[in-house]
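Trainee: I should like to learn how a helix, a sheet and the cysteines are read from a set of coordinates. May we work through an example together?

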Amino acid sequence: MVSSYMLSVLTLICINIVAVAGLSLLTGFTGLFSFGHSGFMSIGAYTAAILFVKFNMPYWAVLPLGGLAACLVSGIMYPTLRLKGDYFAIAALGFGESVRLIMDNGGNLTGGARGFGGMPTLTKWPEALLVAAIALVLMRNIIRSRFGRTLIAIREDKIAAQSMGINVARNQYLALAISAFYCGVAGAMFAFFMTYLQPSMFDVAKSTELSSSVVFGGIGSLSGSVIAAIVLTSIPEIFRPLMQWRMVFYGLALVLTIVVKPTGLMGTNELSFGFLQRFARKVISVGKKNSQATTKPKGGK
Amino acid sequence: MRRVATAVLTAFILISGASVYGADSTGPIKIGYLAHLTGDASVWGIPETNTAKMAAEEINAAGGVLGRKIEIVSMDTRSNAADAVNAVKKAVAEQNIVAVLGSNWSGINIATSSVCAEAKIPQISSYATAVKVTINDDGSVKPWAFRTCFMDPYQGKVIAYYLFKELHKKTAAVLYDIGSDYSVGLTQYFEDNFSRLGGKVVGKWAYKAGDVDFRPQLTQILSKKPEVLMIPITYKDISLVVRQAMELGMENTVIMGGDGASPAMLAMAGPELQGSYWVKHVSPEDPIVAGIWKKYNAKYPTSGEYANIYKAYELVNFIADIIKASGTTDGETIRKAIENCKNFKITDGTITMDPKTHNPLNKSAVILQAVGKELKFVTKYAPVD
Amino acid sequence: MSTFFQQIINGLSIGSVYALIAVGYSLVYSILSFSNFAHSSFLIMGAYTGFFLISTNLMPPLLAIFIAMLVSGGFAMFIERFAYRPIRAKGGKSLYYIIASLGISIFFENFIVAAIGANYRTYPSLLPYKAIKFLGLRISILDLACAGIAIFFLILLEFFLKRTKMGMAIRAAAFDLTTASLMGVNVNFLLSIVFLIAGFLAGIAGVVLGIKYTVYPQLGSLTTKAFIGAILGGLGSLPGAIIGSICLGVIEACTAAFISSQLRDLIVFLILIIVLIFRPNGIMGVYVDDKV
């Protein structure tokens, strides 16, 4: 029997998958770490909520509109792209906090700190699953396209890419805009899941969660990011009893992942049957080697 | 697509494997307590949860409820609404809780109210004071949401009336937290009432949670020479604000604030806070409150949050008594019982619920003043026009 | 506008704390070209250690503070050795450093919350919490002391960098790590020293912050303001970090006072973006280019 609790966790997982898929384009494939993507979720969420409640626009229209709003606002980060990644990361932090402040100061439009409510629960698991599926297919196609390969080139060696004639900043910005769109849509979905919004729901902790999912899953692996999003959303639920120590393990896991296997869970591989086959074969061959070693005759005296 | 579907299904199986299916009508009565066990607000959440467990133990030792023991199911909000919603959903699905008590944060309670409504179990907030917790934007009441404390509109009125009518102050400046629904709300209600009485709010300045230096705002405030500095914020910020205000040369200005205050702030800024006024729900000198507080500190690490400790104790006993009086744990029945309780005996006094707002009638406020190392009781206060 | 000069004083006070933090952060950045977000953890380490040592009343406060600095310095060296060195050995992508340092700061802050508790702790008063009146302005004694400490350590750092052999090696490494190692500099040892210094500075900053603003696990979040100050001044430049931070403090104070206290951080963010448009490398404009 599947309880409404499990279905709502599934819905949340799908929402996070959409956001993380978008962010993986920016961090995983373009190599830009962001501390502020919850700001884009916030813009998407509030835009969708306001359009629905105050202008009576339908659910399926406000989702992409939320994404579009986030996409447009991402333009303000353009000046930071010309510089090193650290500028971008910290400016993104400032961005996220600024969005929150704007929402806090929104008065009657956004409800400010006291929140904005009145959305019905329109994001249920079928809708969430559908959007997540579409988002993933789209993202996979983007990554496999020439644009995707350009991004990987930029991530690997910015200067070499530039000398090949690639306009680094413009491509980075496109990646940012797409990631913003995805996060905006995820935010819009979230608004109709929670039915109530407060600016504090989209804080640095949320941004960090999203960016960390991409890292865990594997920088450069879309399915890795998806798996990480699933794992990171469900783990807190499974391990509720550990409560206070949850975040401690989380930080530790982040460090250990990067130090031991920087390429994350999946590395640059994508989950596929071929991958699973190779993985299985490797395990079997290692097992065989060990048993051979122990049965090796004590030769040569 | 296939990979994603496989991944999703795996997660599904994981989660369902980890679930435990709930009890029936002969096991313990499970009552959920929603509180912040991690994050900044755990300073309130942990004492509330511990007290709830302590109260449950006492009730069980005295025979339990309807012949069954009560069990507190602790739900961690993680200081954010999405997690709180999940926590409640999980407890409802897996533990069959019959009611939700807590939390003391309005934003979280507003978010969880739809979950409780769907599950048909009542939720009683501890100290969530925003209007929207029990009343929708259109004025209708939320059938399954209740509280047993006063609201921010009332609190704002208390502060305004006390300052104007009792202390005869006519000008005030406000320093508030832009990101806190509590702070923003209280500021508005204070200003509305104070202006209506004839007072003047000379200016409102804001800061963001996490800020530690308020001197830019305070310098501007002091240049306007207000008679009162109203600070509807929480205790750590209060200590820093007052210390810095004194440093900048503030004198002869009355300081007053709401229920975000706590005795802990006197350890941080005792000398500077002398003579300041604070509105609270209960007084630490009330013998019943003090008694519960002492019991708590004997059993758990010492905590200064006497108000939250009292409230958790009161709520657990309240719901236990409601269930006893109703003779059942059925959601709709106990909901009606709470909605219609008149002069119902609670730990300290009685409560009459207003069915139209799900707020208690005749809950007066308590005014405390910082004297020495404590917050001393000044008076019970109910604003009279 | 009559409060203008007082606001400048307020801004300088806020900025000087940011400066102390930003310098330690910039030092690491100038050599390794990565943002050490774990800097906040070194700061918290110093703040808590100092608090606990002083509370025990077993030693003079100055000694306690010195030990706190040593502890955070040691902690920084430990992090470098076990978290950053392995990454450097594997290629040292800047993205990895950022993530590792982020993980450390999440781990440490939450560890303190879980193990020690989120309660706020107050340093016993070491200095009178009073202000001097000077030309109608009020300057707090605590601020003067903190500014004094900050200046003292910055001068010490300057002396170390310009007048000692180790300092010269560090400056060489900041210019080009690979060449410096070819010149015979023991890079591992050098990096340990750099982190030790960064940890020292973070430690003393932590103690100063703890005294001014009380000690709590989220104290480290002030480092993000310091990072913004360092960016404003130009990443990779130590004078830039100081100037940028002080400017940031003054801008914050004036914005909150004269423009809008509700929108302060938004306005500061916009100013940052505008500065980055016209002076992409910050006020001091040091551009440490990637060498090919």
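Mentor: The discussion below concerns a predicted model, and it takes a helix, a sheet and two cysteines in turn.

Trainee: What span should the 20 residues of helix α2 of chain B have?

Mentor: In general, an α-helix has 3.6 residues a turn, so residues three or four places apart point the same way. For α2(B), residues 42–61, a rise of 1.5 Å a residue predicts 28 Å, and the end C-alpha atoms agree, being 28 Å apart. After this helix comes B:Gly63, with a positive phi near 120°.

Trainee: Where does α2(B) lie, and at about what angle to β2(B) does it run?

Mentor: It lies across β1 (29–35) and β2 of chain B, at about 170° to β2(B). Because 15 of its 20 residues are buried, α2(B) is largely enclosed by the rest of the structure.

Trainee: Which order do the 5 strands of the open sheet in chain B follow?

Mentor: Strands of a sheet pair through backbone hydrogen bonds, either parallel or antiparallel. Here the pairing is parallel and the order is β2-β1-β3-β4-β5. The edge strands β2 (70–76) and β5 (145–147) of chain B each have a single partner, so one side of each lacks a neighbour in the sheet. The twist averages 25° from one strand to the next. Between β4(B), residues 123–125, and β5(B) there are 3 bridges; B:Ser125 has B:Arg147 as its bridge partner.

Trainee: Why is B:Cys149 not bonded to B:Cys341?

Mentor: A disulfide is a covalent bond between the sulfur atoms of two cysteines. The sulfur of B:Cys149 is 14 Å from that of B:Cys341, the closest cysteine sulfur, which is too far for a bond. B:Cys149 is buried, at 2% relative accessibility. C:Cys247 is partly exposed, at 30%, and its closest cysteine sulfur, in C:Cys254, is 11 Å away, also too far. Over all chains the count is 0 disulfides.

Methods
Residues are numbered from 1 along each chain as its sequence is written. Chains are lettered from A and ligands numbered from 1 in the order in which they are written. This is a predicted model: local features need pLDDT of at least 70, side-chain atom pairs count only at pLDDT 80 or more; totals for chains, interfaces and linings use all residues. Side-chain values use heavy atoms; hydrogens and water are left out. Helices (H or I, at least four residues) and strands (E, at least two) are DSSP runs, numbered from the N terminus. The expected span of a helix is 1.5 Å times one less than its number of residues. Buried means under 20% relative accessible area, exposed over 50%, partly exposed in between (1.4 Å probe, protein chains only). Two strands pair if DSSP finds at least two bridges between them. Axes are lines fitted to C-alpha atoms, for helices over the stretch in contact, and angles run from 0 to 180 degrees between N-to-C directions. Contact means heavy atoms within 4.5 Å. A disulfide is a pair of cysteine sulfur atoms within 2.5 Å.
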